[in-house]
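Colleague: I am new to this structure and would like a close look at a single part of it, followed by enough of the surroundings to place that part. Please take your time and go step by step.

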Amino acid sequence: MPALRTVTFTQPGPRGWVLLYAPTLYEAGFKQRHVDGEALALHAHLQAAGHHSVLLDAYYRAQHTLRLEDILTEQGPFDAVIVHLWTSDAYGPRLRTIADELADARSGHGVPVIGFGPLAVSAAAELRGHGALDHAIGLAHTRTPAPADPVIAALAVDAAAHLTGHTPLTALSRADVPYLPDAVVSVSASRGCRSRCTFCAYNADLGGGWSELPMTAAIADIAHLHRLTGATRFAFADSDFGGTRAACQYRALTLLDQLQQRRLAGRLRLSINVRSETLTPATVAILAEAGVDVMLIGVESFNPTTLHRLYGKKQDLDHLRAVVAAADAADITTVASYILWHPWQTLDSLRLELAAIDTFGRHRIPQFMARSCLLVIPGTVAEAQIRAADLLNAAPFHRSFRFAEPDAAELYEALSAWFIGNAAPVLAGLSENRPYDLTTLAELKIAEWRWLTTTLGLPVPVVEAAGTVS
Ligand code: SF4
């Protein structure tokens, strides 16, 4: 498997004065303490390349940050703004709001905007059409012309180089990471994914495949950030922590060994995104010993036909259940993503899937069922499939699908009305900083589950009121 190394700079070009912007990517106020670690790493990378980088992390909302407009006015002029857009969850109204902000920056301050991250690549055409973007950076291809300005070109080349290897974070100072000890900091220990899920846009900026970054260096980064901030909660931001079953076990052992050598094992709480195929019960136990207490797994469907034919996932559901049982035994919380609503959903399949979810554990799925819906992202295979079936609604910053089956459409509309009337007004006021809000969140999910199962004529299940992570 390819192993990516630390990036070095041998041919310095013209250096730039750059504002690196990590915008708030979620509409809801629940996530407050999460730090955009990839923006932090790019910040370190650009500094190491000799650029003057100013990081504006508005993704972290536990402290007041200046607005983009304020920094451009007070600390400008900058040669460029690099905006980090990564999660597909932001595609839609949130991305349009960010696009408005970027368009104002371009027109009001004459500053070029460079998009970085998979969402920037996926939505490059729409961002450009909105006047919000000059260039998008990716390894596979860029959907924008190469920058003519030599300073901007050097910035783009150096930012792209970050995707080809690991940038040590150990040169960062306390001024670079002004986060509180309860921050949740993400770090990267690999890039890409071996799977080809038809709906996935998380690797749009990469060339394909999976490459590991040196785990030893990732732990050195974590130790450094822990020393600077006091943070004890770290999230591996990898699309797939494991890569292969053999690599995953080796990486878990290295993780444990490195944390033990630094006397950090048991003192840090770690989460990973991982494919269940790369895990074994033995590897799960090693991860737990290292301090992993949350695993995020893309389950997506318990209908094998939907899973394989529609989503392109080769997941073995029996193996998934064995891995989840091992995680339960090791006190690791399994958080599963699930896509209940898709254009070809039927009432029969819904009943099958809800019964399977109930057996699996509804509490393991953080989304509301009304939000457990296929996100259609530009450029994905799923978008092309839905367009070919004439079920796609497409407009700038908007993709959605129509249901092929009227009964499914009617039920989805009724569930959405329930969500808008009952959950959405409460959700707007919740925050992860108030412990009881997690209980309120769980109670809302239980109420929604009862509504949906009762409406479908399923037995009313006993739902565990466990807190969930979203
Ligand atoms: S496993 Fe996850 S990251 Fe990999 S292609 Fe599927 S959705 Fe994307």
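**One residue and its surroundings**

Modeller: If we set aside the neighbours within four places in sequence, H109 is in contact with L72, G76 and P77. Please keep in mind throughout that this is a predicted model. H109 itself belongs to helix α3, which covers residues 93-109. The chain also brings H109 and E69 together in space, for although these two are 40 residues apart along the chain, their C-alpha atoms are separated by 8.9 Å. As for its surroundings, H109 has 17 C-beta neighbours inside 10 Å and therefore counts as partly exposed, since a buried residue would need 20 or more and an exposed one 12 or fewer.

For a contrast in setting, we can turn to strand β1, residues 17-22, which is mostly covered, with five of its six residues buried. β1 pairs with strand β3, residues 52-57, in the parallel sense over six bridges, and it also pairs with strand β4, residues 80-84, again in the parallel sense but over four bridges. L19 lets us follow both pairings from one place, because it stands opposite V54 in β3, while its bridge partner in β4 is V81.

Further along, helix α13, which spans residues 381-388, has A382, E383, Q385 and I386 as buried residues. Seen down the helix axis, these buried residues fall within an arc of 160 degrees, so they line one face of α13. The face turned away from that buried side carries A384 and A388, which are exposed. The buried residues of α13 pack against two strands, β14 (392-395) and β15 (398-401). After the helix comes D390, whose phi is positive, near 60 degrees.

Lastly, there is the ligand, and it is worth finding its shell in the 3D view. The residues surrounding the ligand are C193, S195, R196, C197, C200, Y202, S239, D240, R275 and G298. By character, this shell divides into four nonpolar, three polar and three charged residues.

To return to the residue we began with, H109 is a partly exposed residue of helix α3, in contact with L72, G76 and P77 once its sequence neighbours within four places are left aside.

Definitions and conventions:
Residues are numbered from 1 along each chain as its sequence is written. This is a predicted model: local features need pLDDT of at least 70, side-chain atom pairs count only at pLDDT 80 or more; totals for chains, interfaces and linings use all residues. Two residues are in contact if their C-beta atoms, placed from the backbone, lie within 7 Å. A residue is near a molecule or strand if its C-beta atom, placed from the backbone, lies within 6 Å of it. Ala, Val, Leu, Ile, Met, Phe, Trp, Tyr, Cys and Pro count as nonpolar, Asp, Glu, Lys and Arg as charged, and the others, Gly among them, as polar. The arc is that of the directions from the helix axis to the C-beta atoms. Two strands pair if DSSP finds at least two bridges between them.
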